[in-house]
Amino acid sequence: MSTKDFIEKDYYKVLGVPKDATDAEIKKAYRKLARENHPDANKGNPKAEDRFKEISEANDVLGDPKKRKEYDEARALFGNGGFRPGGAGGSGGTFNFDLGDLFGGGAQGGGGGAGGAQGGFGGGIGDVFGGLFNRGGAGTGTRTQPRRGQDIESEVTLSFTEAVDGATVPLRMSSQAPCKACSGTGDKNGTPRVCPTCVGTGQVSRGGGGGFSLTDPCVDCKGRGLIAETPCEVCKGSGRAKSSRTMQVRIPAGVSDGQRIRLRGKGAPGERGGPAGDLYVVVHVDKHPVFDRKGDNLTVTVPVTFTEATLGGEVKVPTLGGPAVTLKLPAGTPNGRTMRARGKGAVRKDGTRGDLLVTVEVAVPKDLSDDARSALESYREATEDADVRAELFQAAKGA
């Protein structure tokens with residue numbers, strides 16, 4: 001939808017509703033008119049088809065609260081359609097404007113009425129509507145837009161302990177930054193010219209659905225809004241050159257292997273006052289010889305003797321980067337049982353810690369002394385009547 005349409009077309013009149021009509025009244029009027037003028041009900045009638053398009057366009061604006069607000073503001077700002085080609089100048093807020101001048105690149109030496117109005121609006125009406133509808137106007141010719149810097153992605157490898165506790169690591173990055181040879185202008189002499197295609201905005205418009213226009217980066221200046229007359233030999237006229245720098249990056253505690261961290265504003269610098277891009281860091285975590293990780297909890301497997309598992313006792317367990325903890329092993333603890341040491345795991349986002357999950361593994365000795373072997377022989381004789389596999393076979397038969 002062009003700005004000219006907003007000023008010239010009275011969509012309220014098209015739908016036959018007052019300017020203070022409610023949303024329900026607008027919807028009711030549109031449905032009635034759409035049924036009367038629908039092409040299916042008026043086959044071979046081009047006037048009805050044009051009327052249907054006009055009604056649909058009016059509903060597209062007035063039926064959307066945001067578009068309706070913009071439309072009302074535009075018409076209120078310029079005297080409810082006061083710009084009428086060939087109208088009488090100086091009365092009732094109506095000026096003798098040439099709409100081609102208003103929406104073009106600037107004033108063409110016209111009559112006194114047009115010249116006075118142009119002078120009153122300075123850079124042209126496009127500047128006003130560019131701010132009102134967030135669109136680039138024709139009057140923004142010499143105003144190049146700020147550009148956000150590129151996002152950068154890097155990788156870092158941490159030890160298991162660094163990933164759990166957090167670490168500050170040096171990170172060397174290569175990115176595009178303003179060329180030092182031409183001060184980011186792209187021109188060898190530092191005097192680039194405004195791109196004539198996009199008039200310095202870095203964007204060009206194309207037709208979109210519903211009568212509205214869409215914007216794309218200008219292909220001639222590659223979105224910069226400027227063209228170098230004498231391209232810089234270093235950056236080839238782009239205004240950007242490869243730059244390397246080393247940063248100290250803080251990796252938060254509790255990161256996991258493969259996690260992607262976003263650091264806002266730590267990417268490539270922007271152009272013409274634009275914000276810097278973001279830095280994305282992919283974290284790789286080395287394995288630990290003793291500990292592993294399960295979410296916010298750490299895991300460890302602790303060997304125990306047969307007598308400790310059978311008779312019970314106290315077992316010392318190592319922790320990551322801290323003193324050992326002592327766990328009480330109940331008598332008759334089976335192989336593979338997992339116990340919990342609270343608060344000895346990985347750091348959570350809220351600063352608290354997960355738990356350390358301790359799995360018991362009964363160690364079978366490879367070498368036995370004569371006394372130990374004799375004691376085990378005596379134990380075997382004393383427990384000959386106990387069939388530890390009886391339940392297994394019973395369950396197998398039941399199945």
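Here is a short conversation about how the labels used for this predicted model follow from its computed values.

User: Before we start, what kind of model is this, and how are residues numbered?

Analyst: It is a predicted model, in which local features need pLDDT of at least 70 and side-chain atom pairs count only at pLDDT 80 or more, while totals for chains, interfaces and linings use all residues. Residues are numbered from 1 along each chain as its sequence is written, and side-chain values use heavy atoms, with hydrogens and water left out.

User: Thanks! What makes up the chain in terms of helices and strands?

Analyst: There are 12 helices and 15 strands. These are DSSP runs numbered from the N terminus, with at least four residues of H or I for a helix and at least two of E for a strand.

User: Why is Asp278 called buried or exposed?

Analyst: Its relative accessibility is 5%. Buried means under 20% relative accessible area, exposed means over 50%, and partly exposed is in between (1.4 Å probe, protein chains only), so Asp278 counts as buried. Over the chain of 399 residues, buried ones make up 34%.

User: What makes Arg262 and Asp278 a salt bridge?

Analyst: The N to O distance between their side chains is 2.7 Å. The rule asks for a side-chain nitrogen of Lys or Arg within 4 Å of a carboxyl oxygen of Asp or Glu, so the pair qualifies. Arg262 lies in strand β8 (residues 260-263) and Asp278 in the loop between β8 and β9 (279-285), so the pair ties together parts that are 16 residues apart in sequence. Arg262, at 40% relative accessible area, is partly exposed.

User: Which other residues are linked with these two in a network?

Analyst: Arg148 and Asp151 join Arg262 and Asp278 in a network of salt bridges. Asp151 and Arg148 have their closest N and O atoms 2.9 Å apart. Asp151 has 39% relative accessibility and Arg148 has 44%, so Asp151 is partly exposed and Arg148 is partly exposed too. The chain's salt bridges come to 15 by this rule.

User: How do you know that Glu54 and Arg51 form a salt bridge, and how are they placed in the helix?

Analyst: Their closest N and O atoms are 3.5 Å apart, which meets the salt-bridge rule. They sit 3 residues apart in helix α4 (residues 46-62), so about one helical turn separates them. Glu54 is partly exposed at 38%, and Arg51 is partly exposed at 25%.

User: What about Asp187: how do you know that it has no salt bridge?

Analyst: Lys and Arg count as positive and Asp and Glu as negative, while His and the chain ends are not counted. The nearest side chain of opposite charge is Arg193, 8.0 Å away, so buried Asp187 has no salt bridge. Asp187 lies in the loop between β2 (167-178) and β3 (193-194).

User: Which backbone atoms does the side chain of Asp187 reach?

Analyst: It reaches the backbone nitrogen of Asn189 at 2.8 Å and that of Thr230 at 2.9 Å.

User: Why is the pair Asp220 and Thr197 called a polar contact?

Analyst: Their side chains are joined at 2.5 Å. A polar contact is a pair of N or O atoms within 3.5 Å; within protein, one must be able to donate a hydrogen and the other to accept it, and residues adjacent in sequence count only if both atoms are side-chain atoms. The pair is therefore a polar contact. Asp220 is in the loop between β5 (213-217) and β6 (226-227), and at 45% it is partly exposed.

User: What makes β12 and β13 a pair?

Analyst: Two strands pair if DSSP finds at least two bridges between them. Strands β12 (residues 313-319) and β13 (residues 322-329) have 6 bridges in the antiparallel sense, so they pair. Glu314 has Lys328 in β13 as its bridge partner. The two strands form a hairpin with 2 residues between them, and Gly321 in the turn has a positive phi of about 75°.

User: Last one: what makes a nonpolar core, and which residues touch the most other members of the largest?

Analyst: A nonpolar core is a set of buried Ala, Val, Leu, Ile, Met, Phe, Trp, Tyr and Cys residues joined through side-chain atoms within 4.5 Å. Of the 38 residues in the largest, Val156, Leu158, Ile251, Val283, Val317 and Leu356 touch the most other members. Apart from it lies another core of 14 residues, including Leu33 and Ala58.
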